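Open the model in your viewer and keep the selection tool at hand. This tour goes stop by stop, saying what to select and what is there.

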Amino acid sequence: MSKKTVLFVDDELNVLEGLRTRLHRQRSKWDMVFVQSGREALERLAQGDVDVLVTDMRMPEMDGVTLLKRAQEEHPRVVRIVLSGHAELEAALRAIHVAHQFLSKPCEAGVIENVVDRACNLQSLLHNEALEQTVGRIENLPSPPVIYSQLMVALNNEFASPITVASILKQDMAMCAKTLQLVNSAFFGFTHKITEVQDAVTYLGYNTIRQIVLTVEVFHRPKSKSMPAITLEALQTHACLVGALASNLLTDKRDKEDAFISGLLHDIGKLVVATEMPDSYKKLQMLALKPELSSLEAEMQVLGVTHAEIGGYLLGLWGLPYSVVEAVANHHNPAKVEIPGLSVLAAIHVADALLHEEMRIRRPSSKPHRPILDYAFIEQQGLSKSLPIWRDKARQQMDLGARGMSKALG
């Protein structure tokens, strides 16, 4: 495997020398380049072989936000990471729409190594430079108008509690993903990964959430008209149901939290395709009419990958917990990951499959039904006896969201 190129940018020479010393052992895996200005960084980026950009925020002539924006526009495939001080929250919030992840100064070598390694390994999910560029350009994703409106009302109410804000965030995959991107960054220095939305709101603080939504304007309505609002709301409804059901299948508190978030985000790749690749989305809509093709086969034909890998790639770029990225990326192919028993990934796979199954029972279509559930995987994991119970839970969950699910995608 060829070495990855990592570009470090900081106007303070002693910081760069410190990084060079602490990361010396990574020379066998990375080609490391150290420059002292945004101008030098852009010149190096123009050579075309940089995989990861790690930049300071406060620099003369060209600050970190400007550099990241130029990199986003001109070199979108490059993973963009901020290296900033704890006192620079405002600057970090300005950068959230152009930075993928955040690291805090001072930063231990092990933290940098882990973040950069994960960023480099993400490319194995897509194996497609055009797709990597498309996903790398993403600043925000659309939210259903009704959810966006509810959040705006809550944020404009000085008496709204973190519980209220969290309950709204938990209804929307785009807003939830962006909030978790920020709270799980090394910038905040938390010792464990956070997947409970209420914890995220509490840790970040009400004012920070307000800034994310209002000042940074992460959650704008979609510019693309390729995905109708009714389809977006149906997709979100299905996502919420999958998260709730998957969480209900598990008993461990941390697993339940991971499962809810993974379920909520499991189809975020569909959102990416609809909003960022309108031509591909139209082709997929046409292929959906062909009875001989499943939706996953259509995605492979048009994109070369499925929405699952695209979603996993985006969430990996944004630094979400690995358990969530893994579950999203593999929710249609759980056998790729060797985790025994009812894992978070298995719960997402089961919940998604059984809810689709129940939907087709309630809304039969002319297109032949192909089971999504991987029965061989379920049997291998010793979970077959639980299927009748899980189907009952899926029916109950569907009843709770019947109105929204009647519009859901097949």
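## Stop 1: helix α2

Select helix α2, residues 38-45. Its buried residues are Gly38, Ala41, Leu42, Arg44 and Leu45. They sit on the same side of α2, because they cover an arc of only 160° around the axis. Now show what lies over them. The cover includes β1, β2, β3 and α3. One thing to keep in mind throughout: this is a predicted model.

## Stop 2: lysine 4

Go to strand β1, residues 4-9, and pick lysine 4. Which side chain of opposite charge is nearest to lysine 4? It is aspartate 51, 4.3 Å away. Lysine 4 is buried yet has no salt bridge. The cut-off explains why: a salt bridge needs the nitrogen within 4 Å of a carboxyl oxygen. Show the surroundings of lysine 4 next. Leaving aside neighbours within four places in sequence, its contacts are Lys29, Trp30, Asp31, Asp51, Cys120 and Gln123.

Stay with Asp51 for a moment. Add Arg77 and Glu132 to the selection: the three are linked in a network of salt bridges.

## Stop 3: a salt bridge across the chain

The model has 17 salt bridges. Start with arginine 25 and glutamate 113. Their closest N and O atoms are 2.9 Å apart. Where in the chain do arginine 25 and glutamate 113 lie? Arginine 25 is in the loop between α1 (13-22) and β2 (30-35). Glutamate 113 is in helix α5, residues 109-121. The pair is 88 residues apart and links distant parts of the chain.

Colour by accessibility here. Arginine 25 is exposed, at 59% relative accessible area. Glutamate 113 counts as buried, at 9%.

## Stop 4: two salt bridges within helices

Select helix α14, residues 253-265. Glutamate 257 and lysine 253 form a salt bridge, with 2.5 Å between the closest N and O atoms. They are four residues apart, about one turn of the helix. An α-helix has 3.6 residues a turn, so residues three or four places apart point the same way. Is glutamate 257 buried or exposed? Glutamate 257 is buried, with a relative accessible area of 10%. Lysine 253 is exposed, at 59%.

Move to helix α20, residues 344-362. Arginine 362 and glutamate 358 are also four residues apart, about one turn of the helix. Their side chains meet in a salt bridge, 2.8 Å from N to O. Glutamate 358 is buried, at 8% relative accessible area. Arginine 362 is partly exposed, at 36%.

## Stop 5: the nonpolar cores

Show the largest nonpolar core, which has 105 residues. Phe8, Leu265 and Ile310 have the most contacts inside it. Which helix gives the most to this core? Helix α10, residues 173-183, does, with eight residues.

A second, separate core has 28 residues. Among them are Val344, Met359, Ile378 and Ala394.

Return to isoleucine 310 and show its contacts, leaving out neighbours within four places in sequence. Leu126, Leu131 and Val135 are among them. So are Gly269, Val272, Val273 and Met277. Leu303 and Val305 complete the list.

## Stop 6: lysine 178

Back in helix α10, pick lysine 178. Lysine 178 counts as buried, at 1% relative accessibility. Now add leucine 315, which lies 137 residues away along the chain. The two C-alpha atoms are separated by 9.2 Å.

## Stop 7: two positive phi values

Finish in the loops. Select glutamate 61, between β3 (52-56) and α3 (64-74). Its phi is near 70°, a positive value in a residue other than glycine. Glutamate 61 is exposed, with 82% relative accessibility.

Then select histidine 127, in the loop between α6 (123-126) and α7 (129-136). What is the phi of histidine 127? It is positive, about 50°, although histidine 127 is not a glycine. Histidine 127 is exposed, with a relative accessible area of 66%.

How values were computed
Residues are numbered from 1 along each chain as its sequence is written. This is a predicted model: local features need pLDDT of at least 70, side-chain atom pairs count only at pLDDT 80 or more; totals for chains, interfaces and linings use all residues. Side-chain values use heavy atoms; hydrogens and water are left out. A nonpolar core is a set of buried Ala, Val, Leu, Ile, Met, Phe, Trp, Tyr and Cys residues joined through side-chain atoms within 4.5 Å. Buried means under 20% relative accessible area, exposed over 50%, partly exposed in between (1.4 Å probe, protein chains only). Contact means heavy atoms within 4.5 Å. Lys and Arg count as positive and Asp and Glu as negative; His and the chain ends are not counted. The arc is that of the directions from the helix axis to the C-beta atoms.
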